[in-house]
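Let's take a walk through this protein together. Have the sequence and the 3D view open, and find each residue as we get to it.

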Amino acid sequence: MTPIMLQTFLFSLLVFSICICRSALAPQAGRSGGADEAQGNHLIPLFLARGVKMLMSMILQEGPAQTTNYMIMGYVVIFGMMLIYIASLYLRQRNLKQDLELMEELKD
Amino acid sequence: MVFFYAPMEAVMGQVQRVFYFHVAAGWVGMLSFLVAAVAGIAYLAHQKEQVGYRRPGLGGDRHGVCFINIVTGSIWARPIWNTWWTWDPRLTTATIMELIYAAYLMLRQGIEDPDRRARFGAVYAIMGFVSVPLTFFSIRLFRTIHPVVIGSNQPGAKAHSI
């Protein structure tokens with residue numbers, strides 16, 4: 001990791017953490033009472049940890065995207081079209097045979 | 001082979017496996033349109049019945065192949081581009097190509113006389129073939145998010161474009 005990337009990463013982390021902390025404390029702004037303030041103070045590390053985890057998962061992707069459902073959907077379409085095509089071939093063949101039989105009957 | 005031999009793509013995951021059919025369907029579709037145009041020229045030049053223009057249902061196969069190409073591309077685009085559809089030049093030209101040949105099928109089925117149907121179909125296939133090079137070169141001529149896999153020296157173009 002180059003120094004510029006590291007600097008960008010740390011700056012992003014700082015900004016993101018501030019945003020998360022501000023959003024976590026915002027609902028507490030209009031309230032009064034020591035319990036709420038204590039709860040708000042307790043939430044800061046939790047939200048900070050979540051923010052860091054989210055940011056890390058965005059930057060350092062751990063594994064491939066979970067796209068199995070889309071693959072299944074794609075192959076349903078592919079094999080569905082193949083089945084339709086095979087069925088159409090069968091129907092065409094059957095119609096041709098019927099036409100041939102009819103022509104032979106007319107010939108006789 | 002697709003499911004057991006090919007490794008999973010590192011970023012896109014399992015959905016990349018539709019590429020093995022998506023690209024192949026696109027190529028088969030475009031090449032079959034080329035065959036249709038060549039057969040149309042042959043028919044008009046020689047007026048022979050053997051080239052297949054009097055046979056009904058010739059275009060349905062390639063129509064289905066193009067449909068697979070477009071639909072699988074749309075399914076791939078949903079997780080990768082975060083949209084089912086965008087009016088990208090390649091997607092638009094491929095859809096126009098598909099619709100041109102859907103109209104070709106309707107034209108053929110709408111004409112009763114076999115000779116007229118063959119002649120009109122041949123002319124329409126030749127005219128409609130213009131859409132094929134337009135589709136092929138659209139990702140090279142226009143600004144597009146569609147990956148350029150063949151004939152591109154850009155490293156990013158060989159992977160997926162986001």
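We'll begin with chain A as a whole and then move to two helices of chain B.

First, keep in mind that this is a predicted model. Chain A is built with 3 helices and 0 strands, so if you trace chain A from the N terminus, you meet its elements in the order α-α-α. How much of chain A is buried? Of its 108 residues, 16% are buried. Chain A also exposes about 8700 Å² of surface, and 67% of that comes from carbon and sulfur atoms.

Now hop over to chain B and look for helix α2, which covers residues 60-80. B:Thr72 sits in this helix. Why does B:Thr72 count as buried? Its relative accessibility is 0%, and the cut-off for buried is under 20%. Which residues does B:Thr72 touch, leaving aside those up to four places away in sequence? In chain A, the partners are A:Gly74 and A:Ile78, and in chain B they are B:Val18 and B:His22.

Keep going along chain B to helix α3, residues 89-110. This helix has 22 residues and spans 31 Å from first C-alpha to last, close to the 32 Å expected at 1.5 Å a residue. At its N-terminal end, B:Asp88 acts as a cap: one of its side-chain oxygens lies 3.0 Å from the backbone nitrogen of B:Arg90. B:Arg90 is itself buried, and other buried residues in α3(B) include B:Leu91, B:Met97, B:Tyr101, B:Tyr104 and B:Arg108. Try picking these out in the 3D view.

Key. Residues numbered from 1 in each chain as written. Chains lettered and ligands numbered in written order. Predicted model: local features only at pLDDT ≥ 70, side-chain atom pairs only at ≥ 80, totals over all residues. Heavy atoms only, no water. Helix = DSSP H or I, 4+ residues; strand = E, 2+ residues; numbered from the N terminus. Buried < 20%, exposed > 50% of the residue type's maximum accessible area, 1.4 Å probe, protein only. Contact = heavy atoms within 4.5 Å. Areas by Shrake-Rupley, 256 points an atom, 1.4 Å probe, with all protein chains shown as cover. Expected span 1.5 Å × (residues − 1). Polar contact = N/O pair within 3.5 Å; in protein donor to acceptor, adjacent residues only side chain to side chain.
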